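Okay, my turn. I'd like to walk you through some charge pairs, so let me put the model up.

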Amino acid sequence: MPPYTNVQKQYIAQFVNFTQAKESVAAKFLRSNGWNVEQAVDALLGFKSLHLGILQDRSCDEVLQRGWTLLPDAPEENPDTIGIEGAMKFLGDIQVRLDEVACFGVAELLKSPSMGEFTREGFVEGWKSVGCDSLEKMISYAAELRTRITSQPDVFRRVYRYAFPLCRLQGQRNLTFEIASEQWQLFFTETNGGIAWNTPTTPWLDWWLEFLEGRGKKPVNKDLWEQTEVFMRKTKEDENFGWWSPDGAWPGTLDDFVGFVQQVKRGGKPAGEAMEVE
């Protein structure tokens, strides 16, 4: 090791302890960052440095504010927002895939204003509200969220409903059918962390999409989006519509879907009998 002062040797030792990097790498990054250990570690690891415990004596708010500055594409001219590139990198760091329901769960927690965008306020306040001030805690929270989404109906509903404004095209009040269909296939199947919308004798999701396609693939408004999830829960409890009434407050599209299932798919018979005939 080249001649360093005792203080510099201490900084190198700290850097190596935090990062497990070689001493030569530690010295290189420390020199280029004015021998500031925090800045040098940030330069090497970026957002992942939050798991090293360097800021263990700081408040949750201070740690999260610092963490925000480490996200890749927070430009100097717009320091309070990150776009799709930074969001993708951040989600990868906390081990959340873009094609899973938990991604919407994180977006809901952090109050993402649009798909692939996060704000400083939402990031800091969201993680602070659940006590996550390190990378390990964020990863753990995401893993717990996956379980809660499928096991706690209120959590699933909250995340599902938050997906509506996130998925709307800019300037549009409704979801296009194509986007709604894609999201229903995410939320209403188990493949990527959703809930399977089917019962022993009825492939509900397939029939629902078939029905809507037959009606011209019309845009989906907020009321239909939200009530479809309520309807899904009801059909899983009783696939023979014992809970349904033509005088209920369901959207007209769902009323028509009931008729489609009863007459077209089941021929006026209960679910089990209809399947036996088929």
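Before the pairs, one bit of vocabulary: with a 1.4 Å probe and protein chains only, I call a residue buried under 20% relative accessible area, exposed over 50%, and partly exposed in between. Keep in mind this is a predicted model, where local features need pLDDT of at least 70, side-chain atom pairs count only at pLDDT 80 or more, and totals for chains, interfaces and linings use all residues. Numbering runs from 1 along each chain as its sequence is written, and side-chain values use heavy atoms, with hydrogens and water left out.

For a salt bridge, I ask for a side-chain nitrogen of Lys or Arg within 4 Å of a carboxyl oxygen of Asp or Glu. That rule gives 13 salt bridges.

Let's start with Arg157 and Glu229, whose closest N and O atoms are 2.7 Å apart. Arg157 sits in helix 9 (residues 153-167) and Glu229 in helix 12 (residues 222-237), so this salt bridge ties together parts 72 residues apart in sequence. Helices here are DSSP runs of H or I, at least four residues, numbered from the N terminus. Glu229 is buried at 0%, while Arg157 is partly exposed at 30%.

Next up, Glu226 and Arg161 form a salt bridge, at 3.9 Å between the closest N and O atoms. Again it's helix 12 for Glu226 and helix 9 for Arg161, 65 residues apart. Glu226 is buried at 16%; Arg161 is partly exposed at 29%.

Last one: Arg215 meets Asp256 at 3.1 Å, N to O. Both are partly exposed, Arg215 at 29% and Asp256 at 40%.

Note on methods. Helices (H or I, at least four residues) and strands (E, at least two) are DSSP runs, numbered from the N terminus.
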